[in-house]
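Got your viewer open? Let's walk through this model one selection at a time.

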Amino acid sequence: MSDAILTLEHVDVGFDTDDGTVSAVSDVSLSVAAGEIFGLVGESGCGKTTLAMATMGLLPVSATVSGSVRFLGRELVGLPPEDLRRLRGDRISMVFQDPMTSLDPAFPIGEQIAETITAHRDVQRSHARDRALALLADVGIPEPERRYGDAPHRLSGGMRQRVVIATALANEPALMLADEPTTALDVTIQSQILDLLRDLRQRLRTTIVLITHDLGVIAQLCDRVGVMYAGQLVEIATVSEIFRAPRHPYTQALLAALPTQHQEPGSLRVIPGRVPNLIAPPPGCRFASRCPHVMDVCTIVPPLAHESADHLIACWLSEATREAGRPTGAATGGAA
Amino acid sequence: MSGQVMVFEEVAPVHPGGPILQVTGLVKHFSTDRGLFGGGAKLHAVDGVDLEIFPGEVLAVVGESGSGKSTLARCILRLIDPTAGRIVFDGQDVLALKGRRLAGFRQQVQPVFQDPFSSIDPRWRVGTSVAEALDAFAIGTKAERRARVLDLLDRVGLDPSLAGRRPHELSGGQRQRVGIAAALAPSPRLIVADEPVSALDVSVQAQVLNLLADLQRDLRLAILFVAHDLAVVEHISHRVAVMYLGKIVETGPTDAVFRDPRHPYTKALLEAIPRPDPDRRMEGSALHGEIPSPIAPPSGCRFRTRCPVAIGRCVTEEPEMTAFGVGHTAACHVARAEQQQDDHHRP
């Protein structure tokens, strides 16, 4: 995609542990277009958060990242920590599940936003203050003037998450990574925050990568979605495609496991077996041991390939994968 | 007033045997810490709740944080003492139970928590945890207890060989199964499950929901299912009670409440569910503002400060429960007025 803002190619992330190296992310390639909301979905341990942290250069020293992460044309893998720090909070920002991860409990919320601005921009404090006030209003904090001096604990969880989003927007980032931003919130508050994100994208054209386990949130907010399983990216498609015609057996199983009123209690579809140990994962497709369609070829990693212009799948059942996996084309599929 | 409104009693009993659990006028207030200069306040966690559960029924209690749903569950389990009200289980006044009779109640009413570690000891082997209630209530001989534990593990879909493992060796879903097996051990008649699947991944959640549904059907268990996830509730429960700031605002058969919600809060809650269906995107959130503090709940109807249809009367007068169908009631002045108008215009 020509207007890609973020491009990941063959990204691997390993964590060194006493028991060996955990292959948390394996050969992930994807790209995010300017102005889109891209969802990354999967269950615990699938590597979605690790992938986001790798993008931000926020992984601990025990992690080894290889492959390429290009942001606005610039390679981030191997960039000196100081350069990465300059990018964060400026061109790329992040919103976490727990707002208190990002907020200093002892520091007025307005000043936290203003400080994010002055840390990256050479502006007068009064200018930063005005901008912080405007941002608070932007994210729906009532009476920003009065709230500016409040410590975070005086705010509800929903209001705190609004402040975090305001901070993330402070320097008009090109990309915002939001990791489970509504998971800790009540459902009526969650719907307000989803509204806010939708509105910000509309008004500011902020590109958002949304990481979540919640397929409902994906369906409500995202344009495209990547599905991860045990460190591998198994499918990428538009949101309507994923929900209408999921192609990867894992995506299909995940959607079928969602409770609905139509199914008799007791008859939800389950996925037999367990996620493989990522210290010595089996070769090939990591879903193979639980897959109803498993074949001999599944011990070879299926390349992520285009089934159609905007639907990619990494499964040997797919003609596109088989085509891309021919011995001559040994390299795995390119970015979406 | 038309004869259709305002009646609890008019609802035909679905279970001629009567409810297994009946809660009437339950109140639980907590005192907040008193500062140096006084000023301790009362937190109205549960403020006058009536509910009934019939044998073999799943009743879901739903609500957001601060609704009082977990406090209600803890009162029913007698983990905390309510400030006022009555709890009757199988004809016995639960709050008056002592000694052996209380032990008998604890045997018949078992908890399942969100975090299985609240009920199973992380240091104990799985088998020991499952056997705990059997040991505590001295049920059966040692050999019988052992056989029962292996049976129970099998019943909840765990390999009996796991009896010798410790919880940290198990996955989250397996641990929740151990919690359920431990709850089933003394053959309870009522399970009080507080967010039993909210910490689980979707695929594991499906397994545990299936298990609960099977057990409920096979053992004719009654389950009080406390949850915030409405999709889960819609799937598993027969009846639902919606709580807001310490009160039940609507209750009824799950189908009726989900298809035809009458209370504006229930409507907003249902609209806010992020449906896994991109063709059904919600346009703007129905509800503004946040739940007021349970220390100073609003006068009249507690929902009025966020209600899109509130009228003057909602400030001054607390709405009573009104019947909208068989077993379907809601406490809302506006919904009630609409209902009366409909009745009036009916030929």
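What share of the contacts in chain B with a separation of 6 or more comes from residues 24 or more positions apart? For chain B that share is 65%. Keep in mind as you click around that this is a predicted model.

**Stop 1: all of chain B**

Select chain B and hide the rest for now. You'll find eleven helices and twelve strands here. Turn the chain along its principal axes and the C-alpha trace spans about 70 × 55 × 45 Å. A compact globule with 347 residues would have a radius of gyration near 20 Å, and chain B, at 22 Å, agrees with that. Colour by burial if your viewer can do it: 46% of the 347 residues in chain B are buried.

**Stop 2: a helix in chain B and what covers it**

Now pick residues 126–136 of chain B, which form helix α3. Which of its residues are buried? They are V126(B), G127(B), S129(B), V130(B), A131(B), A133(B) and L134(B). To see part of what covers them, add residues 142–155 and 172–184 of chain B: these are α4 and α5, and both are included in the cover. Then step past the end of α3(B) to A138(B), which follows the helix and has a positive phi, near 50°.

**Stop 3: a loop residue, L97(B)**

Next, select L97(B). This residue sits in the loop that links β5 (92–93) to α2 (99–108) in chain B. Is it buried, exposed or partly exposed? L97(B) has 17 other C-beta atoms within 10 Å, so it counts as partly exposed. Leave out the neighbours within four places in sequence, and L97(B) is in contact with Q92(B), L102(B) and F105(B). For a sense of distance, try a ruler from L97(B) to Q205(B): these two are 108 residues apart along the chain, and their C-alpha atoms are separated by 36 Å.

**Stop 4: all of chain A**

Bring chain A back and look at it alone. How many helices and strands does it have? Chain A contains eleven helices and twelve strands. Its C-alpha atoms fill a box of roughly 65 × 50 × 40 Å along the principal axes. The expected radius of gyration for a compact globule of 336 residues is near 20 Å, and the 21 Å of chain A agrees. Of those 336 residues, 51% count as buried. If you take contacts in chain A between residues at least 6 apart in sequence, 62% of them join residues at least 24 apart.

**Stop 5: two helices crossing inside chain A**

Select residues 109–120 and 125–138 of chain A, which are helices α3 and α4. Their axes are 8 Å apart and the packing angle is about 120°, so α3(A) and α4(A) are oblique to each other. The crossing is right-handed. On the α3(A) side, the contact is made by G110(A), I113(A), A114(A), I117(A) and T118(A). From α4(A), show R125(A), A128(A), R129(A), R131(A), A132(A), L133(A), L135(A) and L136(A). Colour this contact by class and you get eight nonpolar, two polar and three charged residues.

**Stop 6: where the chains meet**

Show both chains together. How many residues does each chain bring to the contact? Chain A brings 38 residues and chain B brings 35. On the chain A side, α7, α8 (215–221), α9 and α10 each supply at least two residues. The largest share, eight residues, comes from α7(A). By class, the side of chain A that touches chain B has 17 nonpolar, 15 polar and six charged residues.

**Stop 7: one helix pair across the chains**

Zoom in on α7 (residues 187–204) of chain A and α9 (residues 264–272) of chain B. They pack at an angle of about 50°, with axes 8 Å apart, and are therefore oblique. This time the crossing is left-handed. V187(A), T188(A), Q190(A) and S191(A) make the contact from α7(A), while A268(B), L269(B) and A272(B) make it from α9(B). Four of these residues are nonpolar, three are polar and none is charged.

**Last stop: α10 of chain A**

Finish at residues 249–256 of chain A, helix α10. Its buried residues are P249(A), Y250(A), T251(A), A253(A) and L254(A). What do they pack against? In chain A the partners are β9 (224–229), β10 (232–238) and α9 (239–244), together with α6 (202–219) of chain B.

Technical notes
Residues are numbered from 1 along each chain as its sequence is written. Chains are lettered from A and ligands numbered from 1 in the order in which they are written. This is a predicted model: local features need pLDDT of at least 70, side-chain atom pairs count only at pLDDT 80 or more; totals for chains, interfaces and linings use all residues. Axes are lines fitted to C-alpha atoms, for helices over the stretch in contact, and angles run from 0 to 180 degrees between N-to-C directions. Helices (H or I, at least four residues) and strands (E, at least two) are DSSP runs, numbered from the N terminus. Angles under 35 degrees count as roughly parallel, over 145 as roughly antiparallel, 65 to 115 as roughly perpendicular and the rest as oblique. A crossing is left-handed if the near helix is turned anticlockwise from the far one by less than a right angle, and right-handed if clockwise. Two residues are in contact if their C-beta atoms, placed from the backbone, lie within 7 Å. Ala, Val, Leu, Ile, Met, Phe, Trp, Tyr, Cys and Pro count as nonpolar, Asp, Glu, Lys and Arg as charged, and the others, Gly among them, as polar. The radius of gyration is taken over C-alpha atoms; the globule rule is 2.2 Å times the number of residues to the power 0.38. A residue is buried if 20 or more other C-beta atoms lie within 10 Å of its own, exposed if 12 or fewer, and partly exposed in between; C-beta atoms are placed from the backbone.
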